[in-house]
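Below are some points on side-chain pairing and packing, for reading alongside the coordinates. They begin with one charged pair and move on to rings and cores.

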2 protein chains.
Amino acid sequence: LHEELMADNPLYTIMQARSVVIAGASNNFMKMGSIQALNLLHGGFRGEVLFLHPTEKTVFDHPAYRTPAELPFVPEVALLTTPTRVTPGLLDGLGEHGVRHAVITTAGFREMGPEGARLEAELLEIAVRRGIRFVGPNCIGVLNATEGMNLTVVPYTDAPGHMGLISQSGTYVSQTMPYLRENGIRYSQAISVGNATSIDVVDCLDYLGDDPETAAIAMYIEGVQRGREFLAAATRVGRTKPLVALYVGGSSAGARSSQSHTGSLGSPDRLFDGVCAQAGILRASTVDEMFGWANALANMPLPRGRRMAILTHSGGPATSMADACERWGLEVPEFSPALQTRIRAFLEPTASAKNPVDLTFVMGQESFVDKIPEVLFASDEIDGVLVHGMMDTGFALEMHKVAGHMLGISREDFIKPMEFDLTHLLELPARYGKPLVASNFIREDHAAQTFRERGVPLFRTPEAAVKAMAALARAGEFRKRWPASD
Amino acid sequence: LHEELMADNPLYTIMQARSVVIAGASNNFMKMGSIQALNLLHGGFRGEVLFLHPTEKTVFDHPAYRTPAELPFVPEVALLTTPTRVTPGLLDGLGEHGVRHAVITTAGFREMGPEGARLEAELLEIAVRRGIRFVGPNCIGVLNATEGMNLTVVPYTDAPGHMGLISQSGTYVSQTMPYLRENGIRYSQAISVGNATSIDVVDCLDYLGDDPETAAIAMYIEGVQRGREFLAAATRVGRTKPLVALYVGGSSAGARSSQSHTGSLGSPDRLFDGVCAQAGILRASTVDEMFGWANALANMPLPRGRRMAILTHSGGPATSMADACERWGLEVPEFSPALQTRIRAFLEPTASAKNPVDLTFVMGQESFVDKIPEVLFASDEIDGVLVHGMMDTGFALEMHKVAGHMLGISREDFIKPMEFDLTHLLELPARYGKPLVASNFIREDHAAQTFRERGVPLFRTPEAAVKAMAALARAGEFRKRWPASD
């Protein structure tokens with residue numbers, strides 16, 4: 001039954017469109033529709049792109065047509081970024097000529113009060129009559145990073161990843177792109193649902209739940225319209241893919257703001273908490289947590305328990321991590337004498353092998369990168385590894401900035417020999433089925449960059465890394481209670 | 001009495017040294033002492049720099065001497081980054097020749113067990129006998145940004161700011177430099193106390209409490225050695241300068257890690273909480289909060305109440321901020337009809353003026369930057385202003401990355417006309433005595449950069465901005481109970 005239902009899910013066609021017609025773009029690249037068009041044309045999309053435009057013959061060197069009737073073939077998806085009042089009529093015209101799927105970013109509907117609600121009802125009535133399903137209106141578009149299809153207003157320049165996003169805010173699918181890039185957080189697909197008039201969070205959850213590239217799903221939610229169906233979908237999808245929700249409609253201030261944003265009505269926090277408990281949704285309290293946790297869950301195995309090893313070369317972050325572990329329900333067991341002996345073989349005499357393992361700022365390829373992590377991952381005393389400060393070229397880069405003129409060596413020649421070979425380390429999480437979560441204050445660094453590119457969750461602070469590991473542990477416990485094979 | 005005591009505070013001489021002798025640096029710039037020397041020589045220090053070195057005649061083109069006896073004059077401060085075993089003897093020799101102040105970054109003392117503790121006792125005995133006071137050992141050095149004196153291992157390249165730091169971790173005074181730079185967080189002075197053998201957190205608190213450039217103080221604490229004196233100093237200083245503490249010695253895992261880090265013993269969390277309540281210390285739970293809050297407190301007036309205005313052009317962050325306000329004890333009052341009318345004059349018809357004020361992605365100099373903020377700051381309905389997404393060139397930069405070749409215009413020419421003039425906005429907090437706290441997902445942006453340079457606290461997420469504002473509000477309430485003039 002489920003597969004049949006999913007076959008009807010309009011997001012299959014929308015998110016994997018082979019042809020898109022854009023209405024609302026022009027050769028003036030400062031308009032929203034034009035920006036979306038540029039992102040589609042330059043984001044790696046391999047399908048066909050057509051334009052609707054009242055006067056232009058081409059838009060960005062692609063053919064433009066005056067009306068839906070003139071289109072040379074029926075495009076799979078229409079992207080509408082048109083003035084509010086013309087949008088219903090345009091959707092009708094597209095439907096008349098066979099278009100059955102759309103993304104409507106145009107705003108000015110339900111969120112604007114009674115007149116907007118009337119227009120939105122008209123839009124829905126047209127869609128139902130024409131057999132059209134659409135994302136939006138009042139959304140920022142959709143992104144399928146796996147297919148290079150970007151219908152949002154901000155470029156996505158990273159390689160595709162394994163985190164899906166469903167968002168009732170367009171901002172979290174657009175303005176956050178540079179933020180995600182800086183943090184090595186990568187999308188499989190992202191959907192801004194807007195007013196969710198035709199396609200809602202439940203449809204998205206069902207769709208991303210079945211997407212083979214999506215391993216975990218982040219959700220920004222202001223209010224759930226179909227509560228029962230949401231719970232059912234979350235419960236189903238949550239069995240195989242960890243879910244993280246940032247829910248902001250539970251407070252009175254959040255609810256009022258949400259009302260004028262997407263016109264949605266939130267329910268009290270405790271109701272949403274009940275849904276989370278039942279479906280195993282991890283509830284984030286900040287956008288940082290939502291993205292950071294979902295990305296970690298999408299890239300790392302779940303820990304089988306709460307016993308963490310902490311590896312670093314700095315006592316402060318070691319202590320911060322240990323303290324944060326205890327505060328957020330993780331354990332930092334003192335290693336057995338046998339394990340300490342194995343670790344101590346790679347340490348300076350002044351270093352600590354108890355857990356945290358503190359190399360005291362002696363950071364060698366062999367000890368820090370190869371041998372000690374292997375010993376930790378292989379040990380049956382721990383379920384996951386937290387690393388702070390695995391950096392190689394970052395310090396030297398800082399020094400070259402102030403004293404480069406004295407060193408008589410180019411920046412590149414200076415730092416190149418310092419690069420760690422992280423190949424072995426990057427294989428350990430999958431080999432041992434244990435997560436690796438990292439933090440580092442220095443971002444401009446070869447090792448940090450490698451972590452970001454290769455899916456090792458890299459946080460800006462020790463505490464954020466620990467909090468993400470605690471989320472992984474909770475997801476692991478939920479998975480044990482509800483094995484995916486049930 | 002207090003002034004007399006302070007006159008004896010050795011940190012006056014150390015932090016404002018006019019001459020420094022460095023032992024442990026050489027012309028091999030990959031050694032820790034050499035790196036510290038380079039930071040001193042290239043950080044803007046205007047005092048004299050000498051070196052002690054067994055064989056070299058000069059170090060980085062500055063004169064080097066074999067023994068303390070050969071120094072041409074008595075330097076005010078000695079920086080020791082020497083092997084552990086030779087350090088006590090060297091301190092003795094420096095003391096014999098008149099040196100009375102030192103920073104000892106050398107590690108391998110109390111934190112290493114009984115043998116190290118014996119060496120540390122020897123160090124202290126020599127210092128007492130010679131009348132020397134010293135920072136460390138096992139620290140990362142000190143920074144006086146106001147004086148351009150950097151004795152740490154990482155360059156400080158920003159302009160001086162107004163946040164002081166006292167840290168029992170060297171990492172938070174070194175590895176965090178790039179992190180602080182990225183976030184526009186600037187130091188007045190920073191002290192890594194290490195094992196705090198001769199100069200401890202209490203001395204630092206007294207000293208920074210009287211520093212005219214320091215407006216707020218961050219503290220990273222693993223354990224307090226002189227509890228009574230700490231409480232007294234914090235209570236005194238806290239009357240005029242907000243204090244933020246990240247205390248990590250209260251959990252059993254934190255205490256164990258702290259023991260092998262600086263050899264300090266923590267007390268339970270609830271004892272430290274009691275101290276915080278009495279002295280008005282804001283307790284941060286992450287290093288992000290410690291730095292972010294202290295920097296906000298150092299740069300913004302304290303709010304007189306908890307009523308916040310939220311200004312943005314994105315409904316998602318508006319709702320996130322509103323929800324976070326309520327969660328963290330701030331109010332987001334719906335504006336009076338009169339105030340809404342005044343704001344609506346500058347809004348598009350689709351925008352909301354209720355609070356949050358949501359411009360719906362129409363971001364003009366007049367509405368977003370000049371007029372609406374002025375109306376908000378001037379209103380007696382609110383005590384502080386939260387702004388998300390005040391950016392100008394960031395979006396265009398993103399677009400230029402993907403479509404620059406189509407635009408036929410250089411990046412600089414493309415973005416320059418988009419720059420906001422923030423002059424008026426930046427004057428508002430001081431004029432109205434109300435704080436401005438901002439967040440933005442896009443960092444590479446002229447407005448964001450201006451905020452960072454001009455001390456407007458700029459956070460990476462809406463929630464982090466709200467949490468900092470909540471800290472400002474708590475500091476404001478503490479100030480009301482204990483007016484600075486008492």
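1. Glu412(A) has a relative accessible area of 49% and is therefore partly exposed. Please keep in mind here and throughout that the model is a predicted one. The value for Glu412(A) stays under the 50% above which a residue would count as exposed. Its salt-bridge partner is Arg411(A), with N and O 3.7 Å apart. Arg411(A) is partly exposed as well, at 33% relative accessible area.

2. Residues with these numbers in chain B, Arg411(B) and Glu412(B), belong to a network of salt bridges that share partners. The other members of this network are Arg181(A), Glu398(B), Lys401(B) and Glu444(B). The list draws on both chains, with Arg181(A) from chain A and Glu398(B) among those from chain B. Over all chains, the search of the whole structure gives 62 salt bridges.

3. One of the salt bridges joins two helices of chain A. Asp92(A) and Arg129(A) meet through their side chains at 3.4 Å, N to O. Asp92(A) belongs to helix H4 (residues 87–96) and Arg129(A) to helix H5 (residues 114–130), so the bridge ties together parts of chain A that are 37 residues apart in sequence. Arg129(A) has 46% relative accessibility and so counts as partly exposed.

4. Which residue forms a salt bridge with Asp200(A)? The partner is Arg226(A), and the closest N and O atoms are 2.8 Å apart. Both residues lie in loops of chain A: Arg226(A) between strand E12 (216–221) and helix H8 (227–238), Asp200(A) between strand E11 (187–192) and helix H7 (201–209). The pair therefore ties together parts that are 26 residues apart in sequence. Accessibility is 31% for Arg226(A), which counts as partly exposed, whereas Asp200(A), at 7%, counts as buried.

5. The surroundings of Asp200(A) deserve a separate entry. Its side chain reaches the backbone nitrogen of Val202(A) at 3.1 Å, and a polar contact of 2.8 Å joins it to the side chain of Arg226(A). With neighbours within four places in sequence left aside, Asp200(A) is in contact with Val193(A), Gln225(A) and Arg226(A).

6. Turning to the aromatic residues, the count is 23 pairs over all chains. For Phe414(A) and Phe29(B), the ring centres are 5.8 Å apart and the planes stand at 65°, so this pair is edge-to-face. It crosses between chains: Phe414(A) is in helix H16 (residues 411–415) of chain A, and Phe29(B) is in the loop between strand E1 (19–23) and helix H3 (32–41) of chain B. Phe414(A) counts as buried at 7% relative accessibility, while Phe29(B) counts as partly exposed at 23%.

7. Is the pair formed by Tyr247(B) and Phe272(B) stacked or edge-to-face? The planes are at 10° and the centres 4.1 Å apart, so the pair is stacked. Tyr247(B) comes from strand E13 (residues 243–247) and Phe272(B) from helix H10 (residues 269–279), distant parts of chain B that are 25 residues apart. Tyr247(B) is buried at 1% relative accessibility, and Phe272(B) is buried at 3%.

8. Two arginine side chains are placed over tryptophan rings. In chain A, Arg327(A) lies over the face of Trp328(A), 5.4 Å from the ring centre. In chain B, the charged end of Arg327(B) sits over the ring of Trp328(B), also 5.4 Å from its centre.

9. One aromatic cluster takes in Tyr156(A), Tyr172(A), Tyr179(A), Tyr187(A), Tyr220(A), Phe291(A) and, from chain B, Phe441(B). Two of these residues, Tyr187(A) and Phe291(A), touch the most other members of the largest nonpolar core, which has 113 residues. Helix H19 (residues 462–481) of chain A gives the most to this core, with 9 residues.

10. What does Phe291(A) touch, not counting residues up to four places away in sequence? Its contacts include the tyrosines Tyr172(A), Tyr179(A) and Tyr187(A). Also touched are Met163(A), Leu165(A), Thr176(A), Leu180(A) and Ile185(A). A second core, separate from the largest, has 112 residues, among them Leu11(B), Val142(B), Leu151(B) and Val244(B).

Definitions and conventions. Residues are numbered from 1 along each chain as its sequence is written. Chains are lettered from A and ligands numbered from 1 in the order in which they are written. This is a predicted model: local features need pLDDT of at least 70, side-chain atom pairs count only at pLDDT 80 or more; totals for chains, interfaces and linings use all residues. Side-chain values use heavy atoms; hydrogens and water are left out. A salt bridge is a side-chain nitrogen of Lys or Arg within 4 Å of a carboxyl oxygen of Asp or Glu. Helices (H or I, at least four residues) and strands (E, at least two) are DSSP runs, numbered from the N terminus. Buried means under 20% relative accessible area, exposed over 50%, partly exposed in between (1.4 Å probe, protein chains only). Rings of Phe, Tyr and Trp (its six-membered ring) pair if their centres lie within 6.5 Å; planes under 30 degrees apart count as stacked, over 60 as edge-to-face and the rest as tilted. A charge sits over a ring if NZ of Lys or CZ of Arg is within 6 Å of the ring centre and within 35 degrees of the ring normal. A nonpolar core is a set of buried Ala, Val, Leu, Ile, Met, Phe, Trp, Tyr and Cys residues joined through side-chain atoms within 4.5 Å. Contact means heavy atoms within 4.5 Å. A polar contact is a pair of N or O atoms within 3.5 Å; within protein, one must be able to donate a hydrogen and the other to accept it, and residues adjacent in sequence count only if both atoms are side-chain atoms.
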